[in-house]
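Subject: Structure handover

Hello,

Here is the structure I said I would pass on. Notes on what turned up in it follow below.

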Amino acid sequence: MLSSQINEFKRVGPQLWRKGDGGHLLIEDSVLKVIGGYRQECHSDLEAGGFLVGFYKGVDLHVINLTVPQSLDKRSRFRFTRKDPKHVSQVTRWYEQSLGKINCLGEWHTHPERLPKPSDIDLHAWQTFNEGRRGQLAIFLIAGISEIWTGG
Ligand SMILES: [Zn+2]
């Protein structure tokens, strides 16, 4: 099963999640605020998404920045497809400016449901995302209307 390779993290604080390997995921408040601004609270709100950006400290992850929807992305009520090259070019710029310290850690997107759960499409997309990565596996975040789901 593809889905067995993505495990949900346990939220242990306002900005902190515990991963299955004993490490933690820390997300800066500024990042959570930006994501919170894209929550699909209205029926007309479209899905949003982008990259999660930051660095590794051993088994711990620290998300300090993100990319947000751009004009060439495909957005609908139930789907976000990252198409705009600005996501990659922005992360590449941060990577170079930080001399390789800051990198893409994974992806985020929104769901129009209170308690978000990954769809089969999400699980397949994440599998593909991980296949294209070297080194550490990616983390994934879904922002629902009330709750945030994270895993990796
Ligand atoms: Zn989804």
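I start with a charged pair: the side chains of R82 and E107 form a salt bridge, with 2.1 Å from N to O. This pair brings together distant parts of the chain, since R82 sits in the loop between β7 (79-81) and α2 (86-97) and E107 belongs to strand β8 (residues 103-110), 25 residues apart. R82 is partly exposed, at 26% relative accessible area, while E107 is buried at 14%. Please keep in mind that this is a predicted model, and that the N to O value of 2.1 Å for R82 and E107 is computed from its atoms.

Salt bridges

How many salt bridges does a search of the whole structure find? The count is four. Besides R82 and E107, they include K19 with D21, at 3.4 Å from N to O. K19 is buried, its relative accessible area being 14%. Another one joins E41 and R39, at 3.9 Å from N to O. That value lies within the 4 Å allowed for a salt bridge, so the pair is counted. E41 is exposed at 53% relative accessibility, and R39 is partly exposed at 33%.

A buried glutamate without a partner

E47 is located in the loop between α1 (29-36) and β4 (49-57). This residue is buried but has no salt bridge. Which side chain of opposite charge is nearest to E47, and how far away is that side chain? It is R79, 6.6 Å away. Because a salt bridge needs the nitrogen and the carboxyl oxygen within 4 Å, R79 at 6.6 Å does not qualify. What the side chain of E47 does reach is the backbone nitrogen of F80, at 3.3 Å.

Setting aside residues up to four places away in sequence, E47 touches Q40, the run R75, S76, R77, F78, R79 and F80, and then H109, T110, H111 and P112. R79 is thus on the contact list of E47, although the two form no salt bridge.

Two histidines

H111 appears among the contacts of E47. H111 lies in the loop between β8 and α3 (120-131) and is buried, with 7% relative accessibility. The side chains of H111 and H109 are joined by a polar contact of 3.2 Å. Once neighbours within four places in sequence are left aside, the contacts of H111 include Q40 and E47, then P116, K117, P118 and S119, as well as D122 and the stretch I142, A143, G144 and I145. Q40 is therefore a contact of both E47 and H111, by the heavy-atom limit of 4.5 Å.

Aromatic rings

The count of aromatic pairs comes to five. One of them, W126 with W149, is stacked, at 5.5 Å centre to centre and 20° between the planes. This pair links distant parts of the chain: W126 is in helix α3 and W149 in strand β10 (residues 148-151), 23 residues apart. W126 and W149 are both buried.

F129 and F140 form an edge-to-face pair, at 5.9 Å centre to centre and 75° between the planes. Here too distant parts of the chain are linked, with F129 in helix α3 and F140 in strand β9 (residues 139-143), 11 residues apart. F129 and F140 are both buried. Which residues do the ring pairs link into a cluster? They are F51, W126, F129, F140 and W149.

Charges over rings

K101 lies over the face of F55, at 4.4 Å from the ring centre. R77 lies over the face of F78, at 6.0 Å from the ring centre. R77 and F78 are also among the residues that E47 touches.

A buried isoleucine

I27 lies in strand β3 (residues 24-27) and is buried, at 0% relative accessibility. Apart from residues up to four places away in sequence, I27 touches Q15, W17, L32, V63 and L141. For a sense of distance, I27 and P85 are 58 residues apart in sequence and 24 Å apart in space, C-alpha to C-alpha.

Regards

Definitions and conventions. Residues are numbered from 1 along each chain as its sequence is written. This is a predicted model: local features need pLDDT of at least 70, side-chain atom pairs count only at pLDDT 80 or more; totals for chains, interfaces and linings use all residues. Side-chain values use heavy atoms; hydrogens and water are left out. Buried means under 20% relative accessible area, exposed over 50%, partly exposed in between (1.4 Å probe, protein chains only). Helices (H or I, at least four residues) and strands (E, at least two) are DSSP runs, numbered from the N terminus. Lys and Arg count as positive and Asp and Glu as negative; His and the chain ends are not counted. A polar contact is a pair of N or O atoms within 3.5 Å; within protein, one must be able to donate a hydrogen and the other to accept it, and residues adjacent in sequence count only if both atoms are side-chain atoms. Rings of Phe, Tyr and Trp (its six-membered ring) pair if their centres lie within 6.5 Å; planes under 30 degrees apart count as stacked, over 60 as edge-to-face and the rest as tilted. A charge sits over a ring if NZ of Lys or CZ of Arg is within 6 Å of the ring centre and within 35 degrees of the ring normal.
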